[in-house]
Amino acid sequence: MQQFFYGISLSRSYPVIRVKVLIVGCGYAGLGCAIECIRKGHEVVILDKVQVIKENLGDVLSLGPNAGRFVERWGLHEELWPICGHARFLHLHNYQGELINTQPLPEIEYGSRAYNGHRGQVHAVLYRHALELGAQVILGQNVIGYWENAETGKAGVKTDSGDSYEADLVVGADGVRSKARKIVLGYDDRPKSSGYAIYRAWFDAKAQGIDQDSLTDFMCKGEDVVYGWIGPDMHFITSCSQGGQAVSCVLTHKDDADIDESWSFEGKKEEVLDVVRGWDPRCAAVLSKAPSFVDWKLVYRDPLPTWISKGGHVVLIGDAAHPFLPTSVQCASQAIEDGVVLAVTLQLAGKAQVSLAVKAWEHLRYERVRIAQLMGESTRDKWHRASSDERGDALDLPRPEWLFAFDAEKDSYGRYAKVAEDIVQHGYTAPKLPA
């Protein structure tokens, strides 16, 4: 049967050949890649070191409209929408508590929705969907090494238990410390402290008395809300979802702790409250209600010169390739875009041209991702350096058309042929960082 994707006839122009894709990491990058690869006809195996996928872990997670359109194409809107937050505005204050900006948050932007909810709950929906589509997920597999053979067109991994797995393409989707980075870069690189950390929490509003305190009951008025406070080198965002039932707290502050061995710790409430000493008392009031905190050190990586291995059969996606600051509100969205575009280029290139597919994929993704990363840095700096008298929409959380209206799938189908032709005719040139 003839297949058409955005006007392209695959049966006439491109080989529709099943590519075996081995994905290391079952987070948002891995699941997004798996779902789209299966939808494009590829065979998918996912490995992850955890023994059990836990739905109750984590706090708030945001998928912008640029990723939300894929949630809708996957048929997951009805399942996800009830567990997401639907705040109509971002109410931003200075650290003294003065309201300095009210930013509208439309339900639909550029033809799609954003999905903001509990990280573990949203992940569980995507995980179940990947399984339903036929992804093979093998848990308890701690990958310790990668290899590739350009001559045979294969790549694979080894685990600490002695197991080996092989595929046409191996996708490193296991975060900032992915061991796939070594085969891509040719050396071990080390994460750096960004100079910031986040205290994070998620809890039941009424169980913690949010609705019983006059300083916090603004969070429990029967609708979802988002409130923010900005000050010198710090900002605090708190939101509620599910009709004011669940509260999320995200407090970004200066922190130069060594992150050589770990970047996630149990947060101490007295230290959290000390950070907001002298701020609007509503900040400490909300934070004091949290039963526990995660002290999350923000890891920084210098932009990688490439995300693909020399032989073109191992790639990095998501945080393994390009960590994002939370102020970008794009970490999971860009990870999903990575997987969508990779699935398309593999489909169009075919099993015999995996290396061409990943080169075209990197060309299509690299500049866009970097610009989105820089947006997160500029937003953090704007908020942390704002003067006490700044007001208005200059303090908006950016929601630009180039970011949210973008359809990564449609763009890939439209641009692949020319990009691939240029690579074949002129060779592949490593991407350059935007100025």
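**Lysine 40**

I looked up lysine 40 first and found it in the loop between helix H2 (28-39) and strand E4 (43-48), where helices (H or I, at least four residues) and strands (E, at least two) are DSSP runs numbered from the N terminus. I note that this is a predicted model, in which local features need pLDDT of at least 70 and side-chain atom pairs count only at pLDDT 80 or more, while totals for chains, interfaces and linings use all residues. Residues are numbered from 1 along each chain as its sequence is written, and side-chain values use heavy atoms, with hydrogens and water left out.

Is lysine 40 buried or exposed? I enter it as buried because its relative accessibility is 5%; buried means under 20% relative accessible area, exposed over 50%, and partly exposed in between (1.4 Å probe, protein chains only). Its side chain makes a polar contact of 2.5 Å with the side chain of glutamate 36, a polar contact being a pair of N or O atoms within 3.5 Å, of which, within protein, one must be able to donate a hydrogen and the other to accept it, with residues adjacent in sequence counting only if both atoms are side-chain atoms. Leaving aside residues up to four places away in sequence, I find lysine 40 touching Ala343, Val344, Gln347, Glu409 and Tyr413, where contact means heavy atoms within 4.5 Å.

**Helix H3**

I then turned to helix H3 (residues 65-73), which is largely enclosed by the rest of the structure, because seven of its nine residues are buried. The buried residues are Pro65, Asn66, Ala67, Gly68, Arg69, Phe70 and Val71. Just after H3, I see glycine 75 with a positive phi of about 75°.

**Positive phi outside glycine**

Most residues other than glycine have a negative phi. I recorded tyrosine 110, with a positive phi of about 55°, in the loop between strand E8 (108-109) and strand E9 (112-113); this tyrosine is partly exposed at 38% relative accessible area. I also recorded valine 329, whose positive phi is near 50° and which lies in the loop between strand E22 (314-316) and helix H9 (331-349); valine 329 is partly exposed at 30%.

**Cysteines**

How many disulfides does the structure hold? I find zero, taking a disulfide as a pair of cysteine sulfur atoms within 2.5 Å. For cysteine 220, the nearest cysteine sulfur is that of cysteine 240, 6.5 Å away. Cysteine 220 is buried at 17% relative accessible area, and cysteine 240 is buried at 4%.

**Cavity and pocket**

My search of the whole structure gave one cavity of 30 Å³ or more. On a 1 Å grid over the protein atoms alone, a cavity is a set of points where a 1.4 Å probe fits but cannot get out, and a pocket is an open set with protein on both sides within 12 Å along at least five of seven lines; lining residues have an atom within 4 Å of a point. The largest cavity has a volume of about 40 Å³, a volume being the space filled by probe spheres set on the points, which are joined across faces, edges and corners. Its lining consists of Tyr196, His235, Thr252, Leu298, Leu325, Pro326, Thr327 and Arg380.

The second largest pocket has a volume of about 380 Å³ and is lined by 22 residues, of which His363, Leu364, Arg415, Val419 and Thr429 lie nearest its centre. Helix H10 (354-384) and helix H12 (408-426) are the elements that give two or more residues to this lining, and H10 gives the largest share, seven residues.
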